Amino acid sequence: MGLRDLLMNHGMAEGGLDLPDVLNALAKGAVLVDVRTAREYEAGHAPGARLVSPKELLADPFTAVYGDDPLAEPNPHFILVCDTGFRSGHLVAPVREKGYNCDFLASGLHAWRAGGEILIPGPPRGR
């Protein structure tokens, strides 16, 4: 079953962290991973979020997020985010199955904005 089938055939993901928990995790070094399209990301993203395609994330989470960065955190905590928490919530389990600490922001960027956090426009910066 492909990612599209997974998303189309299942409801909203259970769980997820609320905004205060996500901000706390980010303050402790977690990495915010935006799993939306490049167009969505460029329209407005959370500061510091790394744009990663779901396909690349599922293939190799560490390389998808960090590339070949020699200073990459060896035991990262990934916080996945999308607009509503739907896409990111469904990606958490497969990333965890690969051995990574991974969570998602419940209600996605809707919760981010509702909590008073900003979104910034523009393309992703190089890794």
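Three aromatic pairs are counted here, to be exact 3, where rings of Phe, Tyr and Trp (its six-membered ring) pair if their centres lie within 6.5 Å. Planes under 30 degrees apart count as stacked, over 60 as edge-to-face and the rest as tilted. The model is predicted: local features need pLDDT of at least 70, side-chain atom pairs count only at pLDDT 80 or more, and totals for chains, interfaces and linings use all residues. Residues are numbered from 1 along each chain as its sequence is written, and side-chain values use heavy atoms, with hydrogens and water left out.

**Aromatic pairs**

- The ring centres of Phe-62 and Tyr-66 are 5.0 Å apart with the planes at 45°, so this pair is tilted.
- Both residues sit in helix H5 (residues 61-66), 4 residues apart, or about one turn of the helix. Helices (H or I, at least four residues) and strands (E, at least two) are DSSP runs, numbered from the N terminus.
- Tyr-66 also pairs with Phe-78, again tilted, at 6.3 Å centre to centre and 45° between the planes.
- That second pair links distant parts of the chain: Tyr-66 belongs to helix H5 and Phe-78 to strand S3, 12 residues apart.
- Ring pairs join Phe-62, Tyr-66, Phe-78 and Tyr-100 into a cluster.

**Exposure of the rings**

- Phe-62 is partly exposed, at 22% relative accessible area. The classes are buried under 20%, exposed over 50% and partly exposed in between, using a 1.4 Å probe and protein chains only.
- Tyr-66 is buried, with a relative accessible area of 5%.
- Phe-78 is buried too, at 0% relative accessibility.

**Strand S3**

- S3 covers residues 77-81, and 5 of its 5 residues are buried.
- Its two faces are both covered. One side holds His-77, Ile-79 and Val-81; the other holds Phe-78 and Leu-80.

**Pairing and crossover**

- S3 runs parallel to strand S1 (residues 31-34), joined by 4 bridges. Two strands pair if DSSP finds at least two bridges between them.
- Leu-80 in S3 is the bridge partner of Val-33.
- S3 also pairs with strand S4 (residues 101-104), in the parallel sense, over 4 bridges.
- On the S4 side, Leu-80 stands opposite Phe-104.
- From S3 the chain passes through helix H6 (residues 86-97) to S4, a right-handed β-α-β crossover. Right-handed means that, with the strands pointing away from the viewer, the path from the first strand over the helix to the second runs clockwise.
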